[in-house]
Amino acid sequence: MRTSQFLLATQKEAPSDAELISHKLMIRAGFIRKLSSGLYTWMPLGMRVLNKVSDVVRFEMDKVGAQQVCMPTIQPAELWQESGRWDLYGPMMLRIHDRNNREFCYGPTHEEVITDIMRKELNSYKQLPQTFYQVQTKFRDEIRPRFGVMRSREFLMKDAYSFHASAECLDNTYQDIKGAYNAIFTRLGLDFRVVLADSGEIGGDNSEEFHVLANSGEDTLVISSNGEYAANIERATSYLDNSHVCDAPKQEKQKVSTPDIRSVPAQAEYMGLDIKQIVKTIIVEGKDTDAVALLVRGDHEINPLKAEKLPAVKSPLTMVSEEILKKVTQCEPGFCGPLGLDIPIIADHTVLQMSDFSCGANETDFHFKGVNWNRDCKLPEAADLRFVVEGDRCPSSQGTLSFTRGVEVGHIFQLGTKYSDSMNATVLNDAGKTQPMFMGCYGIGVTRIVAAAIEQHHDEKGICLPEVMAPFQVAIVVLNPKKDEAVGSKAEALYQSLSDKGISVLLDDRKERPGVMFAEMDLIGIPHRIVISARGLADNQVEYKHRSDEEAQMFSYDQIEAELGSRLS
C-alpha cells in the first residue's frame, strides 16, 4: 500500500475528552473516529489491526473444532422473555419496535438465539458435542461510555457457544476453549492473566476471565504470591479459618453513649478504638424474612456478589427500608448490632475471631464495647462475606494476596442447563430419554484487545504493537525521489519484492519532510522501517530501524531483504 493512495488520518493532538493513552493514540494514529458517545468508526489503518486480531481469533477457534456462524444482530423479544432475561438484563439492552410494533432488541449477546437454533437442529446425543462461534457486532447501552473503544456501546466480539450431553463433556470443551484463549493472547504478544470470575447476567456456575495487565485497567485482580491463585476482586476469597478461635475476654461489656456517631470511622475516633475492633452490622432484605443481619469487621467491606448468593439473602442485595430497620432493631441507622436481634445473623469468618469488640447497641445514640462471642452473644452463622484486602493469606494459606489492574478481554462460562431448561433445548440420550443439553459460552472482546494492547505497548513516540497486530510489517520511507530517479526505482523494486513475498508494506511516497514521515511511522506503530535516500544509495546502502531500537543501522541494499527476512516474526 502506498501512502499516496491510503488515508493516513493522523493527528498531532488528541481530543480533550480522551483519558487513556490507548484512546489518545488510536485517535492520533487515525485508527478510529468518534461518531457519537460510545460509537466509533474504524478507519482503514485501524481496520487492518482489527482484522489481524480477528484472524488470530478465528485460527485458534477453528483449531479446536469450533464452527463459524453469523447470527442476526436484531433479536425478537420472545426469545429473551422465554429465557427470563428480558426484564433481568436491564437498561443496557437497546429495545426497539418494527413497523408492526413487534418488540426486538439489538443483541448484547446471543445465548438465546443460538439456543433457539440448536434446539431445532440437534435432537440426539450422537450429534454432540458441537461448538459454534461468530465474530460480530454487539451493542450494550453503557450508562457512561468512556475510554474510547475500551468501554464503547457498540463493539466487535467473538462469542462462542457449545452444546453437550453431559457436564463432563462440557468441562472438556471448556478446557479446550481455555487453551485456545491462552494461545490467542500469547500469539498476540500480550501480558495477561486468567482469573476466577463471577458469571454476572450471563449465568452459570463456573467462569474465568482473561485480563491484559495494565495500570489503566478498570478491574482489580487478586494474585497470590505463590502464583497458585488469581481472581477478580468480585470473586476473590482469602484463607478461611473455620476454627473461629478468638482470644479470651479481657473486658467487661459496656454501653457507651455515642450521640449522633453513626459511621465506623467516627465511632473508632470517638471511642478511641482501632477500626479493626469494631463490628459493622448491615441489615439487608431476606429471601424469606423481612431482614438479615450481615456482620463484617470495621476495616472490611461487604462483597455484594458473595452476600446475595447466601440462601437467606434476597438477590440482588438490597438494604432494608428505614421502616423495616427500626422494626427489627428498634433504632435509627448507624446504631445496629448483633446483640438481641431476632433475625438471621451471618458473620464473616474474621468477625468470629474477634474479642472485646465494639458494635451498635440497637438503641439510638448508643454503642457497646468489650463485647465477646458466647459470653454476650451467641455465635452466629459464618460465611465469606467480604472483599479481600492486600496482605490477606491466599486460600491455600500458602502465600499472601496482592492487587494489580487488568483490562478484561475474554470471559468463559460453564452455563450448565440454564438456557436449555428455560428454552426446552433437549436431545435424546443413550437411553432414549429426553434430557436438556449442557451449554458453555465463551467471549472475546476483539475491539477491546486492540486498546488493551496499546495500553501495554506504547512509548512517548506512539504505538508499539507486536508485529502480529501491527497495521503493516514494514514501512519504506522514500526521501526526495524527484531529485534522484534511482531512489524511487529502488524503493519501488524493494516494495514489489517484499509484497510478492506476502509481507505487508507501507510505501511512504509522500512529498513530506523526513522528520514528519519518521514521526508518523513511529506513531502508527510499524515495527520495521527502511529509509531509502540518494545519500545512502551512493554507497549502495539503506537505513534500517526497528520500532524499539534507539539507533538506526545501515545495510547494503542488496542484503536488506535477507536481513529483514531474518527479523520478521
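How much area does the protein expose, and what share of it do carbon and sulfur atoms supply?

**Figure 1. Overview of the whole protein, shown as a predicted model.** The protein exposes about 25,600 Å², and carbon and sulfur atoms supply 47% of that area. Its C-alpha trace spans about 95 × 65 × 50 Å along the principal axes, and the chain is built with 14 helices and 30 strands. Of the 569 residues in the protein, 52% are buried. Among the contacts with a separation of 6 or more, 69% are made by residues that stand 24 or more positions apart.

**Figure 2. Close-up of the aromatic pair formed by Phe-185 and Phe-210.** A search of the whole structure finds 11 aromatic pairs. In the pair shown here, the ring centres of Phe-185 and Phe-210 lie 5.7 Å apart and the ring planes meet at 40°, so the pair is tilted, given that planes under 30 degrees apart would count as stacked and those over 60 as edge-to-face. The pair links distant parts of the chain, since Phe-185 belongs to helix H5 (residues 167-187) while Phe-210 belongs to strand E10 (residues 206-213), the two residues being 25 residues apart. Both Phe-185 and Phe-210 are buried.

**Figure 3. Close-up of the aromatic cluster that includes Phe-185 and Phe-210.** Ring pairs join Tyr-181, Phe-185, Phe-192 and Phe-210 into a cluster, and the tilted pair of Phe-185 and Phe-210 has its ring centres 5.7 Å apart.

**Figure 4. Close-ups of two arginine residues placed over phenylalanine rings.** In one view, the charged end of Arg-48 sits over the ring of Phe-472, at 3.9 Å from the centre of that ring. In the other view, Arg-529 lies over the face of Phe-518, and the distance to the ring centre is 4.2 Å.

**Figure 5. Close-up of an open sheet of four strands.** The strands of this sheet follow the order E14-E15-E16-E19, and their pairing is mixed. Strand E14 (279-284) and strand E19 (381-383) are the edge strands, each of which pairs on one side only. On average, and with direction ignored, neighbouring strands of the sheet are turned by 30° against each other.

**Figure 6. Close-up of the pairing between strands E16 and E19.** Strand E16, which covers residues 345-348, pairs with E19 in the parallel sense over three bridges. In this view, Ile-346 stands opposite Glu-381, a residue of E19, and E19 itself is one of the edge strands of the sheet.

Note on methods. Residues are numbered from 1 along each chain as its sequence is written. This is a predicted model: local features need pLDDT of at least 70, side-chain atom pairs count only at pLDDT 80 or more; totals for chains, interfaces and linings use all residues. Side-chain values use heavy atoms; hydrogens and water are left out. Rings of Phe, Tyr and Trp (its six-membered ring) pair if their centres lie within 6.5 Å; planes under 30 degrees apart count as stacked, over 60 as edge-to-face and the rest as tilted. Buried means under 20% relative accessible area, exposed over 50%, partly exposed in between (1.4 Å probe, protein chains only). A charge sits over a ring if NZ of Lys or CZ of Arg is within 6 Å of the ring centre and within 35 degrees of the ring normal. Two strands pair if DSSP finds at least two bridges between them. Axes are lines fitted to C-alpha atoms, for helices over the stretch in contact, and angles run from 0 to 180 degrees between N-to-C directions. Contact means heavy atoms within 4.5 Å. Accessible areas come from the Shrake-Rupley method with a 1.4 Å probe; for residues, only the protein chains shown count as cover.
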